[in-house]
Each structure stands twice: as structure tokens, then as C-alpha cells.
Amino acid sequence: MTSVARRSGPARHAGAEAYPGPTQPSRPGSSRRPEARPAPVRPQNRPARVGPRGLLAVIIVGGAVVVALWWHSTPGASGLGGWLTGAGEVLGLLCGYGVVVLVALMSRLPPLERGLGTDQLARWHAMGGRYIVSLVVAHGLLIVWGYAVEAHTGVVSETATLLTQYPDVLMATVAGFLLLGIGIVSMRAARRRVRYETWYYLHLYTYLAIALAFSHQFADGAAFISNLAARFWWSAMYLTVLVLVLWYRVVVPLRSFRRHRLVVLGVKAEAPGVISIYIGGRRLEELDAEPGQFFRWRFLTRSLWWSSHPFSLSAAPGSDRLRITVKNLGDHSQALARLQPGTRVFAEGPYGAFTPADSGRGVLLLAGGVGITPLRAIFATLPGRVTLIYRASSERDIVFRNELDSIAAARGATVHYLVGSRAKIGGDPLSPRVLRSLVPGIDQQEAYVCGPAGMTSAAVRALRAAGVPRQRIHFESFEF
Amino acid sequence: MRRVILAVTGTVAGLVALLSFKSHVPSVPVSAAGGSGGSSSSSTSSSSSSGGQTQTVPGEFPQGSVAKNLPAGETAVDGNVANTAYGPVQIQLIERSSKIVKVAVLVQPANTLHDIQIGAFAFPKLIGETLAAQNGKIDAVSGATYTSAGYIQSLQSALDKRA
């Protein structure tokens, strides 16, 4: 299911949000009320974005060009050996292309981040990664087998010949095993058997693998060996993605760190295990952050600086401060509660495509637990008729109750709190029947869902059953 | 699971389609590069002589011209360069009293080590067949269709020069 359909529309930054301040005044001079200043002027058109279909089309066209390159360079494939070698060559080329696509998906390219969303990009990356790693393995096996058949030698001796005599094949083999290992660890990470940080830093070895595998493509690949133009464009493709990665993952965050000078203003407890962190900075309007988006945050303390975590903005971004709200889920988020005002913050972003535009329809926001955070920001700023349904397991777990009520009163919107465990309420509160009764004309609305994975999928099913078409249900998963 | 099956079948089907188009090349195109002659002989099914003459060791065959230091009574004839899709092939015949006693490979496809590996298997076989048949009517080596076609064409041009 697509998580976010793209649309163009007027800027949704209808006005400045009444920005809640931290309860602990953090610095002298920070007690100014930010909402008193005028709203930053926003450009009327939203930043450029590429949707899933557009991106898929580009990837497929690229793949077709790669196959055409093989077709052009291969005189013919005859006999078993010819077929095996031919298949191995096609797969090898597709791998060389595929790793570039996989890296590009993760390059934090803004049009992709805003168009598909980080969660969808990560899903594509994971899916594509499994596919490409399988192709890498198949490429190796087919080439060994095919070459052995064509040279009339055994598979074992051909393997030895390939490793010892073919230029750079040994390096490429190391790269192949690296990719295989990273693929296996990632699948385990997806099942939560590996720590996020382990997975993250291991993933950096993919760059090494790609570098190791690069030279054997030109040294042994029949498609490149006598084709200077192919070598040129292939290198250009690798170089482009390398530049994109360096630019958007390193240079832009560093520049933004210097320019915006983010610091922790204060930490506020919102509910048991839920805290809000207020972050101040300069010229934040230049970030073009939209409600519903998130940043990857790195708090520069001795124990936290080395890990970065994605947290959504829980209030519309102001020009001098941001707020995030974090549920205590592990060591890291526990340490966040002890952040001192003045701590410098390194933030990458904004990312995410969970950014509704005014579609002219009514909008239903459906929050589960701490999934309220991006919806809280959207609720305050999205123009039009908005209904918020907030599912929480107990009264105590509701965060932002006062804020939500006052926003609702100010803009004439409705908030429904669905509180209590299923057993207590007697059935699933997010049933199609309940949804229809809470939101009249629900089938004519756009729906945005954010919450834990189980709640999200249940809510999406209920919305479908309540008559909301699939393309108008948008959700973001936090699992990337 | 459905996605996995889809990806595997899609990939395999795509590869099979691609390769089957590639293997339907009507005839092996070989163009003569070196001047005259080059009456390309199609390797018809004549000699089944490969049985008797395959004691050659794969990978070991005369490479480069041997014309300089020939024993008395032997003469060398260079074939034309035959261009194959994988690169040019040129051979040199050594004969003594109208009998082919040796074939040397002057030029062979060597773009990749794989080409050389295929040549290392194919040329000794082709040379063995030539010595046995004493003419250009020899079989192509399976797995080295293009190299064989180039070899046979260059061989035929050398035989034509001799005649």
C-alpha cells in the first residue's frame, strides 16, 4: 500500500502555531513568546518531490539500458556454457546498477524524501537489497559454472582460476561476501535481533563492498572492456550517486549545523515515559520543514553523540524553535530525559512525506499512542475541516491533551479520545462502525494514520471497511 | 512470499527470453580483414577425425609466428585475419612437402582472460583436427563457436594461398 499519495496544492502553512514553550525556562532571554512574532513567509509552492511511480519508472528505464548494454556487447549465447555465462553477465551488470540504485534511495535526496517518504524508501531499499544480494550470489555462481563449462574444466579449478588469475575478481568476491553478510544482518535487524546501531554501522561496509567490486566490472566485464563510452557513463553513474550521498548526508547536515546552531532549550515531561524536547536555533524557516516531517537527531553529549535517531516534530516548526516528543523506548530515549539545556544538537532533515496538503476534502487524523506527535503538528496547521481521533491505552498516556483541546477550540475542529484497553472498552474501538459514527461522511475524507505497527494496520483495515478508498489512506511507519 | 516467487520467476523468465533471442543468431558472422582471399568455409560435417588427434594438452599450442627459425624444408603461410565478434583470429600454417605439420596462432581474441581461457581450450582442439584432416573442413569446437569460425576462415585463406 502506498503510504502517501502526492498532490500539489497551496502551501499549508496557514499561520503560525501558538507555540508551547518548555516549562523549565532554560536560558535567560528565552522567555520571549515566539508566537508573538509574525509567521515566517513561506514560498507558495511546496518543495519539489518525486512520487513512487516516477521513481519506479526511472529505475526500470535504467535497468533496461543496462540490459541493452549487455545485448550490445554480447555476440551470442550458444550452448549451456554460453547461456550460463550470458545469464551471469546480465545479472552482474544488474547488480552493478542495483547497488547504485540502493544507495541512491538512501542518499536523502530531498525530492525522494518528500515524495516517497523515508519509510517507503527504506522499504524499497530493504526489498531491493534482498533482491540485489540474491543476484550477486547468482551472478557469482553462474559465472563460475558458465566459465567452467566453456573452458571444459571443473567448477573447483575454474573457481581457483577466477580467484587467482582474473583481475580483481578476488576483491569482488570479498565484496560479494560482505554484501551477503550485511543482507543477513539486516534481515535479523528487521526482526529486532540486532541493535539498531550495530546494524547501522555495519551498513557502512556496503560502501567498501561497492568500492571493492567496482574494478572487476571494467577489468573482466565484456560489456566494458572494449567500450569506452560505457565505461565513462557507468563511472559517471557511480560518481553521481557518490556526490549525492556526500552532499545530502554529509555536507548539507554540516552546513545546516553551522547555520542553524541548534541547542536544547529544555525538556518537559508530557506523560509517563513521554518527554518533549525543545530545540532552539536560528533561521529555521530556511529548513522548509513541514508539519508531519521528522529529523534525525544527534545530541552532542558524551554518551549520545554517536547515535542518531529519527523523531517527528510534535509542533509546527517555528523560525527559532522546534519541538520533538519522544516515548521512552530504550536506553537512548531514557538518556534524553536528562539532556541539559544548552546541549548542542546535530540534526539531519527534514525528512518524510507524511505531509498532508489541503485537498479540499475533510481530513481525519488517526493517532495511536506516541504516534500523536506528527499528527499534533499537522492538527495545528492543516487548513480545512479536520477531525482528530486519538487512541491511547489509558488516560495517563494521553499527551498534549490541553494543547489538543485548545487547538480544537481555536479552529473549531473535533478531537475524539478513545481511551482504554480493548478488554475494558469491550471490543476494538477502531471498528468501521465506530469510525463512521465519529466521523460523518468518512468515506469522503482523506485519512492520515500514525501509530504503532499493529494499530496502524488495524486502523487502515477499519478505514477501508468504513469506505475510505485506499489512495486516500496515508500512513507512516516508524520502523526504519 | 508472493513477492519472492514473483521476483524469482520474473528474473528467470527475463533471462531466458534475453538469452533465447541471443542464441538465435542465424550464422556466425565473421568478416575478413586481411586483404584478399577469405573464402569463408562453412564447417560442414565432414571429418569426424577429432577422435584420433586429441592428444594435445589444453592451453599448450604454438602462439606467435614460428616462421623465423624453421628447420630446412618447412615453409610458413600466414592466413588472413578473420574478425569475430570477440576479436580477430589469425593463424599460420607450417608445412613440409605439402603436408601441414604445425599450426601457430598469431592473433587470438584476448579482450578478457575469459576469451584467452576459451582459446586455450579451443585452439589445441582445432589444431589437432587440422593436422588430422589436412584441410579446412573441420568441426567447430562447442563453446567456442566464434573463435572456431575465425580459425577456420583464417585457415582456409592460408590453404587457398598455398594452392
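Visitor: What makes you call helix 2 of chain B mostly covered?

Guide: The count of buried residues does: 15 of the 21 residues in helix 2 of chain B are buried. A residue is buried if 20 or more other C-beta atoms lie within 10 Å of its own, exposed if 12 or fewer, and partly exposed in between, with the C-beta atoms placed from the backbone. Helices here are DSSP runs of H or I with at least four residues, strands are runs of E with at least two, and both are numbered from the N terminus. Before we go on: this is a predicted model, where local features need pLDDT of at least 70 and side-chain atom pairs count only at pLDDT 80 or more, while totals for chains, interfaces and linings use all residues. Residues are numbered from 1 along each chain as its sequence is written, and chains are lettered from A and ligands numbered from 1 in the order in which they are written.

Visitor: How do you know whether the length of helix 2 of chain B fits the expected value?

Guide: The expected span is 1.5 Å times one less than the number of residues. For the 21 residues of helix 2 of chain B that comes to 30 Å, and the first and last C-alpha atoms are 30 Å apart, so the two are close.

Visitor: Where does helix 2 of chain B bend?

Guide: At Ala120(B), by about 25°, with Pro124(B) following within four residues. The bend is the angle between axes fitted to the seven residues ending at a residue and the seven starting there. Just past the end of helix 2 of chain B, Gln134(B) has a positive phi of about 60°.

Visitor: What about helix 2 of chain A: why is it called largely enclosed?

Guide: Because 23 of its 27 residues are buried. Helix 2 of chain A (residues 79-105) also agrees with its expected span, with end C-alpha atoms 38 Å apart where 39 Å is expected.

Visitor: Why does Arg108(A) count as buried?

Guide: Arg108(A) has 21 C-beta neighbours inside 10 Å, so the count meets the cut-off for buried. Arg108(A) sits in the loop between helix 2 and helix 3 (110-115) of chain A, and has a positive phi of about 65° without being a glycine. Most residues other than glycine have a negative phi, and most peptide bonds are trans.

Visitor: And why does Asp168(A) count as partly exposed?

Guide: Asp168(A) has 17 C-beta neighbours inside 10 Å, which falls between the two cut-offs, so partly exposed is the label. Asp168(A) belongs to the loop between helix 5 (155-165) and helix 6 (169-190) of chain A, and its phi is positive too, about 65°.

Visitor: What makes the peptide bond from Gly349(A) to Pro350(A) cis?

Guide: Its omega is near 0°. Pro350(A) is part of strand 6 (residues 345-351) of chain A.

Visitor: How do you know which residues of Chain A Leu18(B) touches?

Guide: Two residues are in contact if their C-beta atoms, placed from the backbone, lie within 7 Å. Leaving out residues up to four places away in sequence, Leu18(B) touches Val67(A) and Val90(A). Leu18(B) lies in helix 1 (residues 2-23) of chain B, and is partly exposed with 18 other C-beta atoms within 10 Å.

Visitor: How many residues does each chain bring to the contact?

Guide: Chain B brings 20 and chain A brings 25. On the chain B side, helix 1, helix 2 (113-133) and helix 3 (145-162) each give two or more residues. Helix 1 of chain B has the largest share, six residues. By class, that side has 11 nonpolar, eight polar and one charged. Nonpolar covers Ala, Val, Leu, Ile, Met, Phe, Trp, Tyr, Cys and Pro; charged covers Asp, Glu, Lys and Arg; the others, Gly among them, are polar.

Visitor: Which residues touch the most other members of the largest nonpolar core?

Guide: Leu365(A) and Phe379(A), in a core of 151 residues. Helix 4 (residues 118-151) of chain A gives the largest share, 15 residues. Such a core is a set of buried Ala, Val, Leu, Ile, Met, Phe, Trp, Tyr and Cys residues joined through C-beta atoms within 7 Å. Beyond its neighbours within four places in sequence, Phe379(A) is in contact with Leu365(A), Val386(A), Leu388(A), Leu404(A) and Ile407(A).
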